[in-house]
Amino acid sequence: MLFNPRILIAEDESGIADTLQYVLRTDGFVPVWCPTAQEAITQFAAEPPALAILDIGLPDMNGFELFKRLQALPGGAQVPMLFLTARSDEIDRVVGLELGADDYVAKPFSPRELVARVRTILRRSGRNGQSGQGGQSAPAAPTAAPAPAPSPAVPFAVDTERMQIRYYGRLLELSRYEYGLLRLLVQRPGRVFTRDELLRLVWDESSESFDRTVDAHIKTLRAKLKAIAPNVEPIRTLRGTGYALNEELPSGA
């Protein structure tokens, strides 16, 4: 790690915030505590962090609404976010994941486990060595030549270097896990992946993910694909088994 990434913490309970700041600082991060959603928005707008930890039960705004506000800020869509809450209901977890959150940790939690999850998310997002996050910037990587735009007649075009997928020529706005799921399905059209396989291949082995996580992400993926090609059903569901990419997609939409 070339410098210490900033981690924004939106948490109104000072005891929990103190614990998070201590373990994050011990592990080389720069924690920025915000006891209210409004302060989190102000800090985020001033300098987007490497990652944001958001409590759902903030006093001035629901954590889900805060998530959407932060994503709408310049650079916000590129910042990984993790929900932290005392709620254990599955519906709350699914809502957070459907919004595009990178992880969800329920209180009480192990501070060290949470830090491990933060490191995993940063490693996967490539933001553990980014400039502008509270330390010296890394040497700039050579700028790659722009990839040629794929033909709209090709259903899917995957750019692994940029972690982007185009659908009938249009770039999809995908979360990290949506990209991982769709890339896996596109690589093996017709191949049926069980939920357990998708969890193992796309999610972290140590995460407490569950079947509904896969279903929630497939649901958001389908909505994004349908917005481009309303009459095409690219992802098939095999009830009780899993999902597969349709092998017989039209050449144009």
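M163 lies in the loop between β6 and β7. In this predicted model, its phi is near 55 degrees, a positive value in a residue other than glycine. M163 is partly exposed, with a relative accessible area of 42%. The loop belongs to the hairpin of β6 and β7, which has four residues between the strands.

Now follow the strands on either side of that loop. β6 covers residues 156–159, and it pairs with β7 in the antiparallel sense over four bridges. Two of the facing pairs can be named. A157 has R166 of β7 as its bridge partner. V158 stands opposite I165, also in β7.

β7 itself spans residues 164–167. In a regular strand the side chains alternate between the two faces of the sheet. β7 shows this alternation clearly in its burial: I165 and Y167 point to one face and are buried, while Q164 and R166 point to the other and are not. The cut-off for buried is under 20% relative accessible area.

The chain then turns again. β7 pairs with β8 (residues 170–171), in the antiparallel sense over two bridges. Y167 has R170 of β8 as its bridge partner. This hairpin has two residues between its strands. Y168 sits in the loop between β7 and β8. Its phi is near 50 degrees, again a positive value in a residue other than glycine. Is Y168 buried or exposed? Y168 is buried, because its relative accessible area is 6% and the cut-off is under 20%. M163, in the loop between β6 and β7, is partly exposed at 42%.

Put the strands together and a sheet appears. Three strands form an open sheet in the order β6-β7-β8, with antiparallel pairing. β6 and β8 stand at its edges, each with a single partner strand, so one side of each has no neighbour in the sheet. Helix α6 lies across β6 and β7, running at about 120 degrees to β6.

α6 leads on to another sheet. Here three strands form an open sheet in the order β9-β11-β10, and the pairing is antiparallel. The edge strands are β9 (193–194) and β10 (235–238), each pairing on one side only. β10 and β11 (residues 242–245) pair in the antiparallel sense over four bridges. T237 stands opposite Y243 in β11. Helix α6 (residues 176–187) packs on this sheet, touching β9, β10 and β11. The direction of α6 makes about 60 degrees with that of β11. So which strands does α6 meet in the two sheets? It lies across β6 and β7, and it touches β9, β10 and β11.

Go back now to the start of the chain. Strand β1 covers residues 6–10, and five of its five residues are buried, so the rest of the structure largely encloses it. Both of its faces are covered. R6, L8 and A10 on one side are buried, as are I7 and I9 on the other.

β1 has parallel partners. Five bridges join it to β2 (residues 30–34), and these two strands run parallel. L8 stands opposite V32 in β2. The chain passes from β1 through helix α1 (residues 14–26) to β2, and this β-α-β crossover is right-handed. β1 also pairs with β3 (residues 51–55), in the parallel sense over four bridges. There the bridge partner of L8 is A52. L8 thus faces V32 in β2 and A52 in β3, and is itself buried.

Two helices form the next stop. α2 (residues 37–46) and α3 (residues 63–72) pack at an angle of about 15 degrees, with their axes 10 Å apart. That angle makes α2 roughly parallel to α3, because the cut-off is under 35 degrees. α2 passes α3 in a right-handed crossing. The contact is made by A37, A40, I41 and F44 of α2, and by L66, R69 and L70 of α3.

Finally, the overall view. The protein chain has eight helices and eleven strands. Of its 253 residues, 44% count as buried. Take the contacts between residues at least 6 apart in sequence: 62% join residues at least 24 apart.

Technical notes: Residues are numbered from 1 along each chain as its sequence is written. This is a predicted model: local features need pLDDT of at least 70, side-chain atom pairs count only at pLDDT 80 or more; totals for chains, interfaces and linings use all residues. Side-chain values use heavy atoms; hydrogens and water are left out. Buried means under 20% relative accessible area, exposed over 50%, partly exposed in between (1.4 Å probe, protein chains only). Two strands pair if DSSP finds at least two bridges between them. A crossover is right-handed if, with the strands pointing away from the viewer, the path from the first strand over the helix to the second runs clockwise. Axes are lines fitted to C-alpha atoms, for helices over the stretch in contact, and angles run from 0 to 180 degrees between N-to-C directions. Angles under 35 degrees count as roughly parallel, over 145 as roughly antiparallel, 65 to 115 as roughly perpendicular and the rest as oblique. A crossing is left-handed if the near helix is turned anticlockwise from the far one by less than a right angle, and right-handed if clockwise. Contact means heavy atoms within 4.5 Å.
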